Structure formats: C-alpha cells, structure tokens
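Please open the structure in your viewer and keep the selection tool at hand. At each stop you will be told what to select next and what is there.

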Amino acid sequence: MALASEVTKPSRGSRRTPTAGQLVLGAVAVLLMLMPVILLSDYYMQIATLVLIYTGLMVALNVCIGYAGLVSVAHGGIFGVGSYATGILMANHGWNFWYTLPAAALAGALLGLIMGILTLRLQGHYFVIASLGFGLLVYLVVLNWSSVTGGAQGLGPIAPYDSLFGITFEDSDSQYYLILAFAFVFTGLMFAIRRSKLGSRLEAIRQNQRLASAVGIDPSRTRLVALVVSAAIAGVAGSLYSPYVGFLDPSVSNLDVSFKIALALVIAGVGTGLGPLVGAAVYIVLPEMLRGVEQYSLIALGVVLLVVVRFAPHGLVGTASDLYDRLIAAGHRPPPDPSPPDQESPGDLSRTGALSGGKR
Amino acid sequence: MGQITQTFANGIMLGSIYSIVAVGLALVFGVMDIPQFAFGAHAMIGAYITWLIADASGSYWIAVVVAVIALGFLGVLTQVAIFDPLRKAPPATMFIAAFGLVMVLQGFASVIWGADARRVTSAASGSFTFFGASITYQRLIIVIVSAALFIAMFVFLKRTRTGISIRAAAESAVGATVVGLRPRAISLLAMSIGSALAGLAGALLAPVSQVTPTMGDSLSIKAFVVIILAGMGSIGGAIVGGLVLGLVEAFGSGYISLDWRDGFAVFVLIAILALRPEGLFGKETKAWR
C-alpha cells in the first residue's frame, strides 16, 4: 500500500498516453470552462463561482491535511483574515483589489507561521485541539476588534474586482472565469507542491517520521513551511471572496466554517486531486439544496460524513479511484503501460492514509 | 468584597459544570484516546431531555435522572456505531467523526425542538446571601451535586473492580487483555459514563442557562482545555482544572472584558500546549509522540 504511493516520475510512455486520472481532470476542466454556457441563470453561476472560491480554500486544506497530515480546524479563520485584509484595504483605504491580494496572502502566511510555531511539537489529537483554539482566537479578534473590522456590524460595501490589463470583471461570466483561472492556478500549485521537494519530504514524514529524520529531513521545519504555504493559499482564497460578496461579517471566520470545510474535504477525499473541487461542491451545494431547512443540511452532512469515514475512509474521490484500480486489476487485459495505469492520477494520493496525521 | 465573592461563586458554579464534562472526557480521551468532541452536544441533548421530562412530570429531579440514563445509552450507541469501528483508524479520523456526530445531534435538536430557547424552572427557586454574594439555590445544587459526583467517581475508580479495570486498561490496553480484561467492554462502559456525565452537566445547566441547539458548543472546547490543563488521564486533575478554568473565566469576564469570555480559555489552552503539553498534573506526555 505504502509503496504504491511513492513519488514516481512519470515514464515517457505515460506522458504520451494520458492516464485515467489525467483524462478525468481534463474532462472536469473542460466542463468547468463550459459552465457559463450550461448554467443559464445568474443564481447557478453564483453558486458555481462560490464553489470555485472555496476550491481555493480546500486546496489549502488539502495541502495541510492531505500532504502534511495536519488536521487543521483553523483554516476558516485564516480564510476570514484573508477576506478581511482585502475587505478592509478596499473599503476603508480605497486600495485596488490586485494590490490587496499579496497583502491577504501575507496575512495568511503570517497566521500560518504563528500557528506553526505555537504547535511545532504537537501531534495528532493535540494539533487538532490547538488549531481549534487558534481558529477560535482568530474569530474572537475579528469579532471584537471593531475599530478595524467593523465588529459584529460587518464591513462593507466592498467594491467589485478591479480591472486587470484592460479586462473588466463586471458581469457574472467574467467574474466566473476570473475565479476559474485562480482555481486552475491553485490546483496546479497543489500538484506542483506534491511533486516538489517539500511534497516528497512531507510524504516521507507521513510514512515514517523517524526514518525521515534519520535521512536528514527536519520534520518541524518541513511542517512549518507546509503550514505557511497552505495558510497563504487560504488567505488568497479569502481575498477573492470579499469583492465577490461585497460585504463581510465575522461569521466568515467562524469555527463552524473550519469544521464544515474539513468535513466536506474528508467526504470528498483528502489528499486527492479532485478532492478540493468536490469538497467545495459538497460544502456549498448541499446547504444550497437544503436552503430553508438548514437543520436538515446539518444532519445530511453529518450522516454522510459518518458513513464515509466508516465505509469509505478515502472519501468519494479516493474510493472511486480505488474502485477503478480494482476493476483494472480484475480485468485480464494487461494495462497499456508497465506502471500501474493511474499512478500519476490525483487519486493515488488517497492510498497514503491521508488522515494519518498522528502517531507516527 | 461582594463583587469578588460573587465572581468567585460564579466561577465555582461554572467550573463545576466544566469539571463534570471534563471528567467524562478524561475517561474517554485520557484513558481510551477517543477525542469525544461531541460531549458538548451530549450536554445539550441532556438539557433538552431535562426540559421535556420536567415539563411532563413536574419534577426536576426525575428529569435529571432520566437525562443521565438516556445519555448513558446514547454513549453506548455512539461507541458501538461510531468509535469502536474506527479504533484502528488514524487518530484524526476519530476527531472528524466526532465533529460529524456534533452536526447530527445539533441538526436533530433543531429539527425536533426548533431554534427557540427553552427554559427549565429550577427545583429550588430563591437565593441566599453569602459574604455579600447572592447565590441562587440552583447554583448551590450544581456545586453540591458535582461535589457528590466527584467523591462517587473516586470511590468507583479506586475501590470497585470495574473502576480498577478501567484504570488498568488506561495504563496498558495490552496488559489488560493479558490479565483477562476486555478493553472493548471497558471502552463501552467508559464512553457511556462519559456521555451520562455530559448529560448530567446539561441537566444541571438547563435551569441556569437557555436551552438551545448550540448551547454545548463552547463546553466541548472547554472540556478539552481542562483536560489538557490537567494532564491526560488525570481525573483529579480534570476536577481541579475545571474549577480553575471556571474561575479564570469568571474573573476574566468580570474584571477584564466580557467580550473575550471564550478567549480566556483559549489563551490558557495555547499557553499550556506551547509551554507544557504534558499538563499541570501530567506525568508523561502523549502530545509529542
């Protein structure tokens, strides 16, 4: 099991023949680009755009939970700080959106750094509890620092996205494509992290921390870098959120958000390539479908989660990819490539025991 | 003088509630390594059951007993359906499952009882003055019941066969199996005791606070703060830690700022985790494995 997930460079053959995972990813990308043609109402476009904004947050969470094995319940808070950074700079100081973006990334990275330093030595359950406390603290600051954040009254109105290189983002389609571009960048970044030195180090630490330390990997520093990167991404996702909704209140950084995004990502499949998108869809679409009966969406999300954790611990995406593997193994037709067919597919991460954050 | 004793009394009352939940959490987290984050939601369910039964029977005490028993059964159900099947899963999975349980319980509570706050009338109305502090009888009941409970817990864990096997399983699951104890039965028992304690906390809290689906949220976090403050597996530490946290909160919100009420617990949590993860009374740490 563990061996299957080792980082292997794609062979030349597999580069020419796209693997199943790559085909699925490509199809999803095309489908996303066609969304404005498929969804003919502003309401659906709004939901689709929100799903893509939260995909950014889920990518951040995936790096943290899936790659670094750190189950953070603070990412909602970091997302909130990113969105407030942009919101405050735009609404109160008249900044151009594009200048607030790096500021939000920086704010996120800084939070990740503080959280990382505070939790450097903590493992498993203890990291979760500490991140929970950290997230709650962030929320309390946002709520109570009224002179800056507007407190419980909220902050707004926040202007829409400023134009870039002459391109304006006024109608819902252009906003959608702007966010889609970011979602592609985030997902690409996620794969790049996975294949980078940082990714292999995280992988090694997750597989066997003692062995990793023995070959000269510093677990604390690697974790810290991963947390900072992940928090910066969460900050940028938050930054994108503010001009889109135009108004912020402290509930964006609520613990509730942190819980639900973690649950949605687990349902979707931690560590998988499509997990963030599917997770964001679960997080946004399910409550939207059950609008007006919010309490049922709580039950639905909770029950789905409990069933997934119990019977499909790799999540929806991970389980689908496992099933595909098994189908291939069952078929007598040998795979076209000597290496397992979807070795490079996003799904292969699911077998690393992505939630193994703890006692290693 | 009056204000200080009043704040002190409030802190002890609050702390007793925290201690009750924390003792249950110390049993299942410190002993069985199950992060039962849903105990706050269990307390909320206990409070609703208290409200229902007190309304129907007219007796607060019957309601408390029913709530405790009902929650004990919920604990058994939780262990059988959720945590026992996950015992070989990575630790974080249990956490996530507990979050899922919170959502399910809160969802059910708001479906069944709505979002409106319910009120439970106290068994003993009225109050008395003690060193300038006005203390309601219900608050006195909370403190007396929890004191009695803590004594009973100690006797149970130190003197009874079952209590000793729980402690043995905590010491070493393998060792306990070798000498013929059944860890799964023990964890079932510990979880049901823990849930029953959470239910008791909810039942005691019901007359002094509003009963709402989210009333238990901060209780879960605080119970974790307490047992981390106390050190893992230390029941005595959980009691003292709960009282300390209650006092910190009462004095913090009385003299520093009410807005940061929940923040004081978090400051304590982060300070302890950063400086002394083994807790104030902990012998060895599980935190940096």
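## A partly exposed aspartate

Begin by selecting A:Asp256, which is partly exposed, with a relative accessible area of 38%. Then add A:Lys260, which at 22% relative accessibility also counts as partly exposed. Please keep in mind throughout the tour that this is a predicted model.

Show the side chains of both residues, and you will find that A:Asp256 forms a salt bridge with A:Lys260, their closest N and O atoms being 3.1 Å apart. Why can these two reach one another? They are four residues apart in helix H12 (residues 255-268) of chain A, so about one helical turn separates A:Asp256 from A:Lys260. An α-helix has 3.6 residues a turn, so residues three or four places apart point the same way.

## Two other salt bridges

By the rule used here, the count of salt bridges over all chains comes to three, so there are others to visit after the pair in H12(A).

Stay in chain A and select A:Arg194 together with A:Glu203, whose side chains meet in a salt bridge with a distance of 2.5 Å from N to O. Are these two residues buried or exposed? A:Arg194 is buried, with a relative accessible area of 10%, and A:Glu203 is buried as well, with a relative accessible area of 5%.

Now move to chain B and select B:Lys222 and B:Glu249, where the side chains meet in a salt bridge at 3.4 Å, N to O. B:Lys222 lies in helix H9 of chain B and B:Glu249 in helix H10 (residues 235-256) of chain B, so this pair ties together parts that are 27 residues apart in sequence. Both partners are buried, B:Lys222 having a relative accessible area of 3% and B:Glu249 one of 1%.

## Chain A and two of its helices

Colour chain A by secondary structure, and you should see 15 helices and zero strands. Of the 360 residues of chain A, 56% count as buried. Among the contacts in chain A between residues at least 6 apart in sequence, 80% join residues at least 24 apart.

Next select helix H6 (residues 124-144) of chain A, which has 21 residues and reaches 31 Å from its first C-alpha to its last, close to the 30 Å expected at 1.5 Å a residue. Most of H6(A) is covered, with 18 of its 21 residues buried.

Then go on to helix H13 (residues 275-289) of chain A, which has 15 residues and reaches 20 Å between its first and last C-alpha, close to the expected 21 Å. Its buried residues include A:Gly275, A:Leu277, A:Tyr283 and A:Glu288. What covers the buried residues of H13(A)? The cover includes helix H2 (20-38), helix H3 (42-67), helix H8 (172-195), H12, helix H14 (294-311) and helix H15 (315-330) of chain A, and H12(A) is the helix that holds A:Asp256 and A:Lys260.

## Inside and outside in chain B

Select B:Thr50, which is found in helix H2 (residues 39-57) of chain B, and note that B:Thr50 is buried, with a relative accessible area of 0%. If residues up to four places away in sequence are not counted, B:Thr50 touches B:Tyr60, B:Ala63, B:Ala67, B:Ala203 and B:Ala206.

For a contrast, select B:Phe131, whose place is in the loop between strand S1 (127-130) and strand S2 (133-136) of chain B. B:Phe131 is exposed, with a relative accessible area of 59%. If you draw a line from the C-alpha of B:Phe131 to that of B:Ile270, 139 residues apart along the chain, the separation is 35 Å.

## Where the chains meet

Finally, show both chains and select the interface, where 45 residues of chain B are in contact with 40 residues of chain A. The area buried between chain B and chain A is about 4000 Å², and carbon and sulfur atoms give 81% of that area. Across this interface the rule finds zero salt bridges, while it finds one residue pair in polar contact.

The elements that give two or more residues to the side of chain B that touches chain A are helix H3 (60-83), helix H4 (91-113), helix H9 (217-230) and helix H11 (261-275) of chain B. The largest share of that side, 16 residues, comes from H4(B). By type, the residues of the side of chain B that touches chain A divide into 34 nonpolar, six polar and five charged.

How values were computed:
Residues are numbered from 1 along each chain as its sequence is written. Chains are lettered from A and ligands numbered from 1 in the order in which they are written. This is a predicted model: local features need pLDDT of at least 70, side-chain atom pairs count only at pLDDT 80 or more; totals for chains, interfaces and linings use all residues. Side-chain values use heavy atoms; hydrogens and water are left out. Contact means heavy atoms within 4.5 Å. Buried area is the accessible area (1.4 Å probe) that two parts lose on being put together, summed over both. A salt bridge is a side-chain nitrogen of Lys or Arg within 4 Å of a carboxyl oxygen of Asp or Glu. A polar contact is a pair of N or O atoms within 3.5 Å; within protein, one must be able to donate a hydrogen and the other to accept it, and residues adjacent in sequence count only if both atoms are side-chain atoms. Ala, Val, Leu, Ile, Met, Phe, Trp, Tyr, Cys and Pro count as nonpolar, Asp, Glu, Lys and Arg as charged, and the others, Gly among them, as polar. The expected span of a helix is 1.5 Å times one less than its number of residues. Buried means under 20% relative accessible area, exposed over 50%, partly exposed in between (1.4 Å probe, protein chains only).
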